[in-house]
Amino acid sequence: MHSLFSGLILGLVFAVASGATTSTWVLHEKRSQIPTGWVQARKYAPTSPLPLRIALKQSTGMDEMATYLHDVSHPDSPNYGQHWTAEQVVERFAPGNDTIDAVRNWLVDSGIAPERVQLSPGKGWIRVLNATVAEAEDLLRAEYYVYTHESGIKNIATASYYLPAHMTPHVDLVLPTIHFDAKIPSTKNTASVNAVPPKARRDALCQTITPDCLRLLYGIPDKPTANKKNSFGIVAYAPESYRQKDLDMFAKQYATGLVGKSPKQVSIDGGKQIKNNGSLESSLDLEYAMSLVGPSQQVTLYQVGDAVEGANFNNFIDAIDAFYCMFEFDGTTADTPYPDRRPGGYKGAKQCGTAKPTDVISTSQGIPEHDISNFYAGRQCLEYGKLGIMGVTVIYPTGDHGVAGDGKCPHPKGHSKDEKFSVMFPASCPFVTAVGGTQLPFGAYSEVAWPGSGGGWSNYFGMPAYQSDAVKYYLKHHQHGYSSDIWNSTGKSRAIPDIALNAEGYRVAMNGKWVDVGGTSASAPVLGALVTLVNDARLKAGKKPVGFINPALYSKHFACALHDIISGTNPGCGKIGYKTAIGWDPVTGLGTPIYQQLVNAWLKLP
């Protein structure tokens, strides 16, 4: 894998006089433009408090993580399936004492009192207690502004910031600075409401997708069983929530054995079910996840964030990994702050390392890669890699607007007439499985690409070894003619999706009505259910869960386990988008799963 960090630090340096000494500073992170939908409102007052925290560089980086994952996840590796323990992960990745001491000494030498420099419990972060904007601007050679979003959300950010040259080997990133992920947008498509529930059609002409239709399309068993050791988790971020009445309404129509059954709820930072107002995303995810794995398999719901403040990816990772967890902060930052002192907010401490990861974790949200920085995305991506080497399958959708990512195409250099293609994060992380979309045309028996299927090339992550041959073949044989300033044409970056499933026409029960909905956010939990059933088969055979599945999917051992999709495109940004092709393509990846073939292939592995 190519290094995540190549080319990020631009080498811009300058000298700053401080008393009798002169220090060299280097540009650490910089935004090329304000993300779509945001405007700079005003300068942030110098005396205002700022929750300043510094992410310490871990002992092991992206390249090493790729090697570790290959070792336990590739079918040809002698160590396949020998996943790490949580203790082994902490020991291998924790920052060294030299890094902790270097950052602490820099802050103290800059005039910060020693008692104000605090190390997080997981030793992954250092914060400056009671920092002000003026102090942060002096430490980082930066200027802070208040930005407002068209939705009314506010964010505190800088256009760039610098670090002393001797600090760059020890610091991943500093928050808050250039990042814009205050809230998580949903990847769901628009829905239509239907008054009369349909009958499940047991044929391949399913124009409304139901659990029975998905079973027919992919060969998923009708009556799955469950091993007690098996586990499957769905992540929901406030204000997303489900209603039990809707789960029962769906079960009565399509999965009678699930009537009255609820997911096992794991509350994170005040997350709880909102009984009287279900949301589309949670309803979709749980109804299909629970139906496909059957009533014997317990599904876990990670409900993240209170209804007042909400949450983002950081809050979930905090609860999974105490090392990643930051501090309890007030203020507008990239990490949603808890305790939430607003009326009705969660008053407890932010949860760090309190949630146990399930064998499969599916999340149906994402953010445009360009809304966050390279370093910031890399730090989260490493967390997903840690889950992978511990034997966890992590699944994310690629988005619902084709090459446009979230539907808002940035302009390269801020002025080009051509809009730049965009991919979604965390799907672009090479340590997760990125799921694109397909659809079944009217009267057809086989699927084609769904036009909204997100896909393309990351601007942050290098191409992982497991997909190198497949992606390079596509680039060699399929020229689309787009200018290199609107997509990453280097041939060296992570490409998505990895795989695809149906993303159009799902029937969902929500707030007492039937809703038809489409999106790769539907594809993700279906793949999660399918992998959970594969894990069940392996557990019954005395084997371990599959963990990170990408190296296996791209290997020769699974060539017959995926149905190639060779029709359709994913338009966006005023262009037709990419085209499907024989083999991997940036619309549907390797294709759609054939369940029994996947089971057969994985049962042959240790």
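This is a short tour of a predicted model, with stops at a sheet, a helix and a threonine in a loop.

Begin by selecting β3 (38-43), β7 (residues 145-149) and β8 (154-157), which together form an open sheet of three strands in the order β3-β7-β8, with antiparallel pairing. The strands at the edges are β3 and β8, each of which pairs on one side only. If you look along the sheet, neighbouring strands are turned against each other by 35° on average, with direction ignored. Now keep β3 and β7 in view, since these two pair in the antiparallel sense over five bridges, and display Q40, whose bridge partner in β7 is Y147.

Next, select helix α4 (residues 133-140) and show the side chains of V133, A136, E137, L139 and L140, which are the buried residues of this helix. They lie on the same side of α4, because the arc that they cover around the axis is only 165°. Just after α4 comes R141, where the backbone takes a positive phi of about 50°.

For the last stop, select T177, which sits in the loop between β10 (171-175) and β11 (191-194). T177 counts as buried because its relative accessible area is 1%, under the cut-off of 20%. A polar atom of the T177 side chain lies 2.6 Å from the backbone oxygen of V174. Leaving aside residues up to four places away in sequence, T177 touches E29, L140, Y144, I156, A157, T158 and Y161. Among these contacts, L140 leads back to the buried residues of α4, while I156 and A157 lead back to the edge strand β8 (154-157).

Key:
Residues numbered from 1 in each chain as written. Predicted model: local features only at pLDDT ≥ 70, side-chain atom pairs only at ≥ 80, totals over all residues. Heavy atoms only, no water. Helix = DSSP H or I, 4+ residues; strand = E, 2+ residues; numbered from the N terminus. Buried < 20%, exposed > 50% of the residue type's maximum accessible area, 1.4 Å probe, protein only. Polar contact = N/O pair within 3.5 Å; in protein donor to acceptor, adjacent residues only side chain to side chain. Contact = heavy atoms within 4.5 Å. Pairing = 2+ DSSP bridges. Axes fitted to C-alpha atoms, helices over the stretch in contact; angles between N-to-C directions. Arc of directions from axis to C-beta.
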